[in-house]
Amino acid sequence: MKKKILFIMHLPPPVHGQSMVCNQIHKNEVINREFDCRYVNLSASRSSDEVSSYGLFQVITKLCRLAGSFLNTFWQLVVFRPRTCYLTITCHGVPFLKDAPFVLLCKLFGCRIVLHQHSKGMSTCSCKPVYRWLLPLVYRNTTVILLSWRLYDDVADVVKREQVKICPNGL
C-alpha cells in the first residue's frame, strides 16, 4: 500500500518561485507514482494583480478562497486520512498567520508535518507577542525543509537543527 501524503501548497497562478516549485512537485510523475497524493491549493490570489490588492471585494474573495482551502484540507484529513502533510509555509507576517491554522489542523489529526520554507524573516517577528507563542506551536515536532543552511540562523530560535533538511531550490 502506498503512503498517503496531503500536499497543501501554493499552486500557480499567480506565477512566482514558490508556486513554480510546488507545481513541479504536483506534476512530478515519480512522486505521484510512488505515493498516494492529494493536493490542496493554498493560494488566495489567482493573478499577480490580486496579490497586492486590498479592496473590500478582493479581501472578501481571498478570505472565501482561504476558507474553501481550509475546508478542503479538513475534508482530505477526514476522508483521505494521510499519514504525512507537506505544507509550504511563510514564516512571518500575515502570510504566516494565514498558513498556521493549516499546520495546526494537520497536527490535530496526528499527521507527520513537513514544512517547506521558501523565505526568511522569522527572526524579525519572533519576539512579537502573537508570534512568540504561535511560532513554537507551529514548528514543534515538524520536519523543516530549508533551501540552504545559510537560512538556518533566521529560524534557529524556534527550529532545532535536527529538524532541518536541506533541499537547494529543487526536488
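Here are some legends for close-up views of this chain, which is a predicted model.

**View 1. The whole chain, before we zoom in.**
Let's start with the parts list: the chain has eight helices and six strands. Walk along the sequence and you meet them in the pattern β-α-α-β-α-α-β-α-β-α-α-β-α-β. Of the chain's 171 residues, 47% count as buried. Now think about contacts between residues with a separation of 6 or more: 69% of these link residues 24 or more positions apart. As for the outside, the accessible surface comes to about 9,500 Å², and carbon and sulfur atoms make up 60% of that.

**View 2. Helix α5, with a kink in it.**
Helix α5 runs through residues 93–108, which is 16 residues. From its first C-alpha to its last it reaches 23 Å, close to the 22 Å expected at 1.5 Å a residue. Look at Asp99 and you'll find a kink of about 25°, shortly before the proline Pro101. Quite a list of α5 residues is buried: Phe96, Lys98, Asp99, Ala100, Phe102, Val103, Leu105 and Cys106. And what do the buried residues of α5 pack against? Their partners are the strands β1 (4–9), β3 (84–89) and β4 (112–117), together with the helices α4 (56–79) and α7 (129–139). Just after α5 comes Gly110, with a positive phi of about 75°.

**View 3. Leu105, where α5 meets α4.**
Now zoom in on Leu105, which sits in helix α5. Is Leu105 buried or exposed? Its relative accessible area is 9%, so it counts as buried. Leaving out residues up to four places away in sequence, Leu105 touches Phe70, Thr73, Phe74 and Leu77. Take Leu77 from that list: it is 28 residues from Leu105 along the chain, yet their C-alpha atoms are separated by 8.8 Å.

**View 4. Helix α4 and the turn-off after it.**
Helix α4 has 24 residues, so at 1.5 Å a residue it should span 34 Å. Its end C-alpha atoms are 34 Å apart, which agrees. Buried residues in this helix are Thr61, Lys62, Leu66, Ser69, Thr73, Gln76 and Leu77. Leu71 is also in α4, but with a relative accessible area of 59% this leucine is exposed. Leu71 and Val40 are 31 residues apart in sequence, and their C-alpha atoms are 9.9 Å apart in space. Following α4 you reach Arg81, in the loop between α4 and β3. Arg81 isn't a glycine, although its phi is positive, about 55°. Arg81 has 63% relative accessibility, so it counts as exposed.

**View 5. The nonpolar cores.**
The largest nonpolar core holds 35 residues, and the members that touch the most others are Phe96, Val138 and Tyr139. Which element gives the most to this core? That would be α5, with six residues. Apart from this core lies another one of twelve residues, including Met9, Cys37, Tyr39 and Ile145. Back to Val138 for a closer look: not counting residues up to four places away in sequence, it touches Ile89, Phe96, Ala100, Val103, Leu104, Lys107 and Leu115.

**View 6. Asn141 and Thr143, a loop and the strand after it.**
Asn141 lies in the loop between α7 and β5. Its phi is near 55°, a positive value in a residue other than glycine. With a relative accessible area of 70%, Asn141 is exposed. Thr143 is found in strand β5, which covers residues 142–146. Where Asn141 is exposed, Thr143 is buried, at 17% relative accessible area. Thr143 touches Arg112, Ile113, Val114, Leu115, Gln163 and Lys165, again not counting residues up to four places away in sequence.

**View 7. Cysteines without a partner.**
A disulfide is a covalent bond between the sulfur atoms of two cysteines. How many disulfides does this model have? The count comes to zero. Cys127 shows the situation nicely: its nearest cysteine sulfur belongs to Cys125 and is 7.9 Å away. The cut-off for a disulfide is 2.5 Å between the sulfur atoms, and Cys127 is in no disulfide. Cys127 is exposed, at 53% relative accessibility, while Cys167 is buried, with a relative accessible area of 18%.

Note on methods:
Residues numbered from 1 in each chain as written. Predicted model: local features only at pLDDT ≥ 70, side-chain atom pairs only at ≥ 80, totals over all residues. Heavy atoms only, no water. Helix = DSSP H or I, 4+ residues; strand = E, 2+ residues; numbered from the N terminus. Buried < 20%, exposed > 50% of the residue type's maximum accessible area, 1.4 Å probe, protein only. Contact = heavy atoms within 4.5 Å. Expected span 1.5 Å × (residues − 1). Bend = angle between axes of the 7 residues up to and from the residue. Areas by Shrake-Rupley, 256 points an atom, 1.4 Å probe, with all protein chains shown as cover. Core = buried A, V, L, I, M, F, W, Y, C linked by side-chain atoms within 4.5 Å.
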